[in-house]
Amino acid sequence: TGYCQQLGAPNGTWEGEGCLGYNPPAGTSCHLNCPNGRIPTGSGIVYCEAVDNKAGGWIGDSGQRCVEPGGFTCPQLVNPANGKWETECTEQAVENSTTCSFRCNEGYTAMYNGEPVDNDITASCLYHRWHTPLGDPYNLLCEDSCAAPEDPSHGWWKCEQLQSNGTTVCKLQCPHTQIPFSDGVISCLHNRWYGNVSQDC
């Protein structure tokens, strides 16, 4: 059975079967108990996900702690290229319990850690940290949603997103001694490819 790293929480105690032991096993669910009116800086719940006798990871913020309620703010959010948080959330620090909405510009798809996600996303300020159903809001990107280009007969496309403007650019990779028939570059902009997608090596 897999396991997770031992938990620790300043000013609180993780409760649940196996939560206080060294390397809690996979499937362990723990709840953070905060004494004296303190509250968790996150959801207060974590779950150990691991397989095959290997170290896994906690689902949820295993670094959350117990703090006094009130008086917290979150830093202003930063808009990624081709996406936008609500204006009041990007101009100054935001009060605790504030919820902010995010959307990608028309023609772009919201991506989180390389996977497409729902375009209607919210982030909540909880005790000086931003929380979303996905995780860290700063990992959100907005990408053009073009279908992956089909590899030619004698080469393959290598694609990456430009951090400056969110545009996806693909370069044709050719085997040794071969070169692209054309310029070897295509770009995805507003859901369509620009350049010669049929070029070969």
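How many bridges pair strand β17 with strand β18, and in which sense? Strand β17 (residues 168-173) and strand β18 (residues 185-189) are joined by 4 bridges, in the antiparallel sense. Strands here are DSSP runs of E, at least two residues long, and helices are runs of H or I of at least four, all numbered from the N terminus. Two strands pair if DSSP finds at least two bridges between them. This is a predicted model, with residues numbered from 1 along each chain as its sequence is written. Local features need pLDDT of at least 70, side-chain atom pairs count only at pLDDT 80 or more, totals for chains, interfaces and linings use all residues, and side-chain values use heavy atoms, with hydrogens and water left out.

Start with confidence. pLDDT is the predictor's confidence in each residue, from 0 to 100. The chain averages 84, and 95% of the residues score at least 70. Among the elements, strand β2 (residues 29-33) has the highest mean pLDDT, 92. Strand β6 (residues 66-67) has the lowest, 79.

Return to β17 and β18. Both belong to an open sheet of 4 strands, ordered β16-β17-β18-β19, with antiparallel pairing. Strands β16 (156-161) and β19 (192-194) are at the edges with a single partner strand each, so one side of each has no neighbour in the sheet. From one strand to the next, the twist averages 25° (axes are lines fitted to C-alpha atoms, for helices over the stretch in contact, and angles run from 0 to 180 degrees between N-to-C directions). K171 has V185 in β18 as its bridge partner. The loop between β17 and β18 holds T177. Its phi is near 80°, a positive value in a residue other than glycine. T177 is exposed, at a relative accessible area of 69%. Exposed means over 50%, buried under 20%, and partly exposed in between (1.4 Å probe, protein chains only).

Next, the strands around β13. β10 and β13 run antiparallel and are joined by 4 bridges. C100 has A123 in β13 as its bridge partner. β13 also pairs with β14, again in the antiparallel sense, over 3 bridges. There S124 stands opposite H131 of β14. The hairpin of β13 and β14 has 2 residues between the strands, and Y127 takes a positive phi near 55° in it. Side chains alternate along β13. I121, A123 and C125 point to one face and are buried. T122, S124 and L126 point to the other face and are not buried.

Now the interior. A nonpolar core is a set of buried Ala, Val, Leu, Ile, Met, Phe, Trp, Tyr and Cys residues joined through side-chain atoms within 4.5 Å. The largest one has 17 residues. Those with the most contacts inside it are L77, W85, C100, F102, C104, W130 and L140. At least two residues of this core come from each of β10 (99-104), β11 (108-112), β13 (121-126) and β15 (140-144). A second, separate core of 11 residues includes L7, W14, C48 and C66.

Contact means heavy atoms within 4.5 Å. Not counting residues up to four places away in sequence, L140 touches P80, W85, F102, M111, Y112, V117, I121 and L134. P137 lies in the loop between β14 (129-131) and β15. With 5% relative accessibility, P137 counts as buried. Beyond four places in sequence, P137 touches L77, W85, W130 and T132.

Another loop residue is T90, between β8 (83-85) and β9 (94-95). T90 counts as buried, at 19% relative accessibility. Leaving aside neighbours within four places in sequence, its contacts are Q76, L77, N79 and W85. The T90 side chain also reaches the backbone oxygen of T87 at 3.0 Å. That is a polar contact: a pair of N or O atoms within 3.5 Å, where within protein one must be able to donate a hydrogen and the other to accept it, and residues adjacent in sequence count only if both atoms are side-chain atoms.

Finally, V46 in strand β4 (residues 45-49). V46 counts as buried at 1% relative accessibility. Outside four places in sequence, V46 touches residues including L7, W14, C30 and W58.
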